[in-house]
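Subject: Structure handover

Hello,

The structure I mentioned is below, and my notes on it follow. Please read them with the model open beside you.

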Amino acid sequence: MPDHSGAGRIIGIDLARCIALISMFVAHTAPTGGPAGLLNLSEFLTAPLFALLLGASAFYSSQRMGFPSLFASSVVRAIALIALGLYIGSWGAQVDIVLQYLGLLSLIMAPLVFLPAWALGALAVACWWWAAPARTYFAADAAQATLNGSYTAYLYDWAFTGHSYQVLTLLTYACLGAILAAGLESWGAVGDAAVAVAGTGLTGLLFWYSRTAVPEFLPYTSSRLEIGFSLSACLAVVGWSCLLARVFSQGEGFLAPLVAAGRMTLSLYVLQIAVLAAYSVYAVGYGLPARDDSWPMMFGLIVLALLFAWTWQRFLGHTFLRRGPLETALAWVSGRG
């Protein structure tokens with residue numbers, strides 16, 4: 001039986017979102033790839049996992065909201081996320097801001113989430129197949145729009161040609177996330193275990209293939225192999241997270257800091273950008289390296305995020321601010337408060 005709390009969330013999804021958050025900190029600030037380059041895998045996991053969980057959240061919202069209200073709410077959320085992404089992008093942090101892409105993705109998923117599972121699956125396959133060709137196809141138009149100073153350059157970048165992210169690529173994960181969420185509503189521990197084992201096995205198989213059969217395996221290319229590998233890793237994370245939530249279903253206090261962080265990833269994302277931006281401004285003046293990649297920065301962000309989320313829930317978890325500072329504001333302006 002899925003373990004629900006708060007606004008009907010499955011605890012396993014919140015744990016998976018926390019893993020995505022930690023993976024993001026590793027991708028942004030780890031100074032090396034770690035043993036056997038394992039930390040580099042965070043580059044393949046972070047954005048796909050956030051997109052998959054966005055699709056799952058869209059499915060859960062569709063279970064309690066009709067299409068008109070969900071679509072109207074998603075329009076407001078998309079505008080807010082895009083505006084926030086553009087704003088914090090001006091702070092100077094040494095990362096590529098993802099909020100614009102997720103904002104557009106949430107708007108697109110609002111109507112799509114009402115499609116039957118087979119249609120979502122077909123769309124995911126189409127996006128998986130055409131993501132890389134679309135980047136090449138629209139590259140010239142995107143460059144021309146940029147030269148002309150046209151606002152369509154933003155749409156080309158967000159939808160097809162972005163350096164690190166593209167909505168067409170992320171749509172693959174979001175569609176499958178909605179399908180997965182429907183399963184999490186009905187199957188038991190056996191289903192969670194099947195997803196975890198299948199995802200882990202396929203991840204290992206594709207990783208072996210990437211090391212033996214292709215000359216170079218890089219993230220952010222939208223290649224079919226990369227998308228397949230990232231999707232497998234996402235399934236493994238969600239499956240194991242749901243199983244972990246079942247194991248500790250009677251002792252949620254053990255998972256409290258992780259679950260709390262998973263429920264306020266937007267606030268913690270912006271907090272991270274603020275820290276990295278402040279570092280980029282003041283580091284050189286204090287004799288520190290200009291690059292923000294370091295073990296103290298990585299572990300400091302992880303500890304700061306978990307401590308901030310746990311403290312917020314500890315003191316404000318029973319108030320209307322329980323979602324988090326930015327999550328509460330976004331919920332109210334979008335009509336989900």
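Start at Thr46: apart from neighbours within four places in sequence, Thr46 is in contact with Ala20, Ser23, Met24 and Ala27. Please keep in mind throughout that this is a predicted model.

**Thr46 and helix α2**

Thr46 sits in helix α2, which covers residues 42–62. Is Thr46 buried or exposed? Its relative accessibility is 9%, so Thr46 counts as buried, the cut-off for buried being under 20%. Two of the residues that Thr46 contacts also take part in polar contacts with its side chain. The side chain of Ser23 is one partner, at 2.7 Å from the side chain of Thr46. The other is the backbone nitrogen of Met24, which the side chain of Thr46 reaches at 3.4 Å.

The helix around Thr46 has 21 residues. From its first C-alpha to its last, α2 reaches 30 Å, close to the 30 Å expected at 1.5 Å a residue. Most of α2 is covered, with 19 of its 21 residues buried.

**Cavities**

How many cavities of 30 Å³ or more does the structure hold? There are 3, and I describe two of them here.

The largest cavity has about 110 Å³ of space. Its lining is made up of 14 residues, and Pro48, Ser164, Thr169, Tyr220 and Glu226 are the ones nearest its centre. The elements that supply two or more residues to this lining are α2, α8 (167–184) and α10 (224–247). Which of the elements gives the most to the lining of the largest cavity? It is α2, with 4 residues. Sorted by class, the lining of the largest cavity has 7 nonpolar, 5 polar and 2 charged residues.

The second largest cavity has a volume of about 90 Å³. Thr46 is part of its lining, together with Met24, Ala27, His28, Glu43, Ala47, Phe50, Val98, Tyr165, Tyr220 and Tyr269. Two elements, α1 (11–29) and α2, give two or more residues to the lining of the second largest cavity. The largest share again comes from α2, at 4 residues. By class, this lining divides into 8 nonpolar, 2 polar and 1 charged. Met24 and Ala27, both in the lining of the second largest cavity, are also among the residues that Thr46 contacts.

**The second largest pocket**

For the open spaces, I looked at the second largest pocket, which has a volume of about 220 Å³. It is lined by 13 residues, and those nearest its centre are Ala27, His28, Glu43, Gln94 and Val95. The lining of this pocket has 5 nonpolar, 4 polar and 4 charged residues. Ala27, His28 and Glu43 also appear in the lining of the second largest cavity.

**Helices α8 and α10**

Both of these helices contribute to the lining of the largest cavity. In α8, the residue to look at is Thr172. Thr172 has a relative accessible area of 2% and is therefore buried. Not counting residues up to four places away in sequence, Thr172 touches Ala124, Cys127, Trp128 and Ile227. With Trp128 there is also a polar contact: the side chain of Thr172 reaches the backbone nitrogen of Trp128 at 3.3 Å.

Helix α10 has 24 residues and reaches 35 Å between its first and last C-alpha atoms, close to the 34 Å expected at 1.5 Å a residue. It is mostly covered, with 17 of its 24 residues buried.

**Thr328**

The last residue in these notes is Thr328, in helix α14 (residues 325–333). Its relative accessibility is 3%, so Thr328 counts as buried. What does the side chain of Thr328 reach at 2.7 Å? The partner is the backbone oxygen of Gly324. Leaving out residues up to four places away in sequence, Thr328 touches Phe320, Leu321, Arg322 and Arg323. How far is Thr328 from Gly34, 294 residues apart from it along the chain? Their C-alpha atoms are separated by 37 Å.

Regards

Technical notes
Residues are numbered from 1 along each chain as its sequence is written. This is a predicted model: local features need pLDDT of at least 70, side-chain atom pairs count only at pLDDT 80 or more; totals for chains, interfaces and linings use all residues. Side-chain values use heavy atoms; hydrogens and water are left out. On a 1 Å grid over the protein atoms alone, a cavity is a set of points where a 1.4 Å probe fits but cannot get out, and a pocket is an open set with protein on both sides within 12 Å along at least five of seven lines; lining residues have an atom within 4 Å of a point. Grid points are joined across faces, edges and corners, and a volume is the space filled by probe spheres set on the points. Ala, Val, Leu, Ile, Met, Phe, Trp, Tyr, Cys and Pro count as nonpolar, Asp, Glu, Lys and Arg as charged, and the others, Gly among them, as polar. Buried means under 20% relative accessible area, exposed over 50%, partly exposed in between (1.4 Å probe, protein chains only). A polar contact is a pair of N or O atoms within 3.5 Å; within protein, one must be able to donate a hydrogen and the other to accept it, and residues adjacent in sequence count only if both atoms are side-chain atoms. Contact means heavy atoms within 4.5 Å. The expected span of a helix is 1.5 Å times one less than its number of residues.
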